[in-house]
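Visitor: I should like a close look at a single part of this model, namely the way one helix is packed by its partners. Please describe the geometry and the residues involved, and place that part in the chain as a whole.

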Amino acid sequence: MSVLTTVLILLIAALHLYILWFEMFAWESRGPKVFRSFPRDLFAPTKAMAANQGLYNGFLAAGLIWSRLISDPVWAHNVALFFLLCVAVAGIFGAATASKKIFQVQALPALIAIALLLIS
């Protein structure tokens, strides 16, 4: 696997760790600043839902990090591909249902990493 692919996978993992932190621990404090169109009074009632989403993002990050720790190159490739596909699907679904920006932030980097992974 190329260094560029590894760096991109780790950057995507870092992004998902940030999303975990944001949705699990900063939803009520930072959420209204990030999601300005979302009514401010709905952040408290949706805190548990956001934390649940954050936890799933943490699982994506864990899987991507795990893929970089596997010594067998075939197994590492397959695990990375699986978790990148999960990120891409989540990003495409988020873009279709929540905000088009999610495609650029989440799905596009994953799709680029998938392409690099398949080329290498």
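Guide: Contact here means heavy atoms within 4.5 Å. The model is a predicted one, and the part chosen is helix α4, which spans residues 73-97.

The setting may be given first. The protein chain holds five helices and zero strands, and its pattern along the sequence reads α-α-α-α-α. Its C-alpha atoms fill a box of roughly 50 × 25 × 20 Å along the principal axes. Of the 120 residues, 37% count as buried. The chain exposes about 7200 Å², of which carbon and sulfur atoms supply 72%. Among contacts with a separation of 6 or more, 55% are accounted for by residues 24 or more positions apart.

Helix α4 packs with helix α3, residues 47-69. The two axes come within 8 Å and cross at roughly 160°. Angles over 145 degrees count as roughly antiparallel, and α3 and α4 are therefore roughly antiparallel to each other. Their crossing is left-handed. On the α3 side, the contact is formed by Phe-59, Leu-60, Gly-63, Leu-64, Trp-66, Ser-67 and Arg-68. These meet Trp-75, Ala-76, Val-79, Ala-80, Phe-83, Leu-84, Cys-86 and Val-87 in α4. By class, the residues of this contact divide into twelve nonpolar, two polar and one charged. Glycine is counted with the polar residues, and Arg is among those counted as charged.

Helix α4 also packs with helix α1, residues 3-25. In this pair the axes lie 12 Å apart, at an angle of about 50°. That angle makes α1 oblique to α4. The crossing of α1 and α4 is left-handed. Here Ile-9, Ile-12 and His-16 of α1 meet Ala-80, Leu-84 and Val-87 of α4. The residues of this contact divide into five nonpolar, one polar and no charged.

The two contacts may now be read together from the side of α4. Ala-80, Leu-84 and Val-87 meet residues of α1, and Ala-80, Leu-84 and Val-87 also appear in the contact with α3. Each of these α4 residues thus takes part in both contacts. The partners of α4 in these contacts include Ile-9 and Ile-12 from α1, and Phe-59 and Leu-60 from α3. In summary, α4 is roughly antiparallel to α3 and oblique to α1, with a left-handed crossing to α3 and a left-handed crossing to α1.

How values were computed:
Residues numbered from 1 in each chain as written. Predicted model: local features only at pLDDT ≥ 70, side-chain atom pairs only at ≥ 80, totals over all residues. Heavy atoms only, no water. Axes fitted to C-alpha atoms, helices over the stretch in contact; angles between N-to-C directions. Helix = DSSP H or I, 4+ residues; strand = E, 2+ residues; numbered from the N terminus. Parallel < 35°, antiparallel > 145°, perpendicular 65-115°, else oblique. Left-handed = near helix turned anticlockwise from the far one by under 90°. Buried < 20%, exposed > 50% of the residue type's maximum accessible area, 1.4 Å probe, protein only. Areas by Shrake-Rupley, 256 points an atom, 1.4 Å probe, with all protein chains shown as cover.
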